[in-house]
Amino acid sequence: MIVLRDRATRPRVLMGQRGQDAAFMPSKFVFPGGAVDAVDAAIPLAFDPAPGCAAALARESDLGPAPLVAAATRELWEETGLLIGAPDARVGRLDKPQGWRGYLGTGHLPDGTDLTFLFRAITPPGRPRRFDARFFLVEAEALRNDPDDFSRAEAELGHLHWVPLDEVRGYDMPFITEVVLAELSARLEGRQAPGVPFFDNRTEVSRFSRL
C-alpha cells in the first residue's frame, strides 16, 4: 500500500523498515503490505473498486478484486494503525474473524474506491521467497484517523515515517520498490502510459506488459 501525502506541494510516501532479522528483505525500507489471508475473502467491501481498477485486478489473476482490496486495507491497519474504509452498518452483523477484529471494531469496511491499482510484479524463479504483489495507491486524504499517529501499529515495521519523494533514493530499498516509485513519479508528473504496469516473471523469461 503506497500512501501518498502532500501531492500538490512536496509529495511524501509512507515507508517503514523491516527488521534486521527478518527472513525476507531484512533492514530494507518498504511500503506497508503483506500476504492475502484466506479470511480476507469473507470480508465484504463497503464499495467496489472503480470498474477499470477491478478489471485490471482480475486480469491474469486467480484472486478477485475484493480479497485483494481487503488484504491491502487490513495490512495497512496492522502495520501502521492507519485506517481507510467507509463506515458501514453491516459490521455489527458480521462475524469478526481473527486478524480482522481490531479493524472491524472501528465500524468500517474496506472501500475499493479509495484505492488506485498502480503496479503488479511477480518475483523471478529461483528466489528463496517469491511474491505476486499488487501495489495500491491511496491518498492520505482518505485516511480516517491521524496520519501521524502510528500508536496502533503492530511491530512488523520499524521507523514508520513520511518520506519526501525527492529524498527517497537515499534509502536502502528493494529494486522493485524503486521501480514502483518511478512509476508513481511519472503518474504525478502526468507521464504515465495507459494501463497498469506488470512485471511478469512466472517463467524463466521475464515479460513486461500492461494490464
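Which residue in strand 2 does R5 stand opposite? R5's partner there is R12. This is a predicted model, and the tour below starts at strand 1, moves through the nonpolar cores and ends at T80.

**Strand 1 and its partners**

- Strand 1 covers residues 2-5, and it's covered on both faces. I2 and L4 are buried on one side, while V3 and R5 are buried on the other.
- That split fits the usual pattern, because side chains in a regular strand alternate between the two faces of the sheet.
- On one flank, strand 1 pairs with strand 7 in the parallel sense, over three bridges. I2 sits opposite L137 of strand 7 in this pairing.
- Strand 1 also runs antiparallel to strand 2 (residues 12-18), with two bridges joining them. Here you'll find R5 facing R12.
- Six residues separate strand 1 from strand 2 in their hairpin, and D6 takes a positive phi near 60° there.

**The nonpolar cores**

- The largest nonpolar core has 25 residues, and the members that touch the most others are M1, V3, F117 and F136.
- At least two residues of this core come from each of helix 1 (51-58), helix 2, strand 6 (116-122) and strand 7 (132-139). Helix 2 gives the largest share, with four residues.
- There's a second, separate core of 21 residues, and M15, L137, V163 and M173 are among its members.
- So how does V3 fit in? Leaving out residues up to four places away in sequence, V3 touches R12, V13, L14, L76, V138, A140, L143 and W162.

**T80 in helix 2**

- T80 lies in helix 2, which spans residues 65-80.
- Is T80 buried or exposed? T80 has a relative accessible area of 0%, so it counts as buried.
- The T80 side chain has polar company: it reaches the backbone oxygen of L76 at 2.5 Å. A polar atom of that same T80 side chain lies 3.0 Å from the backbone nitrogen of L82.
- Which residues does T80 contact, once neighbours within four places in sequence are left aside? They are L14, P32, D149, F150, A153 and L160.
- L14 also turns up among the residues that V3 touches, and so does L76, whose backbone oxygen the T80 side chain reaches.

Note on methods:
Residues are numbered from 1 along each chain as its sequence is written. This is a predicted model: local features need pLDDT of at least 70, side-chain atom pairs count only at pLDDT 80 or more; totals for chains, interfaces and linings use all residues. Side-chain values use heavy atoms; hydrogens and water are left out. Buried means under 20% relative accessible area, exposed over 50%, partly exposed in between (1.4 Å probe, protein chains only). A polar contact is a pair of N or O atoms within 3.5 Å; within protein, one must be able to donate a hydrogen and the other to accept it, and residues adjacent in sequence count only if both atoms are side-chain atoms. Contact means heavy atoms within 4.5 Å. A nonpolar core is a set of buried Ala, Val, Leu, Ile, Met, Phe, Trp, Tyr and Cys residues joined through side-chain atoms within 4.5 Å. Two strands pair if DSSP finds at least two bridges between them.
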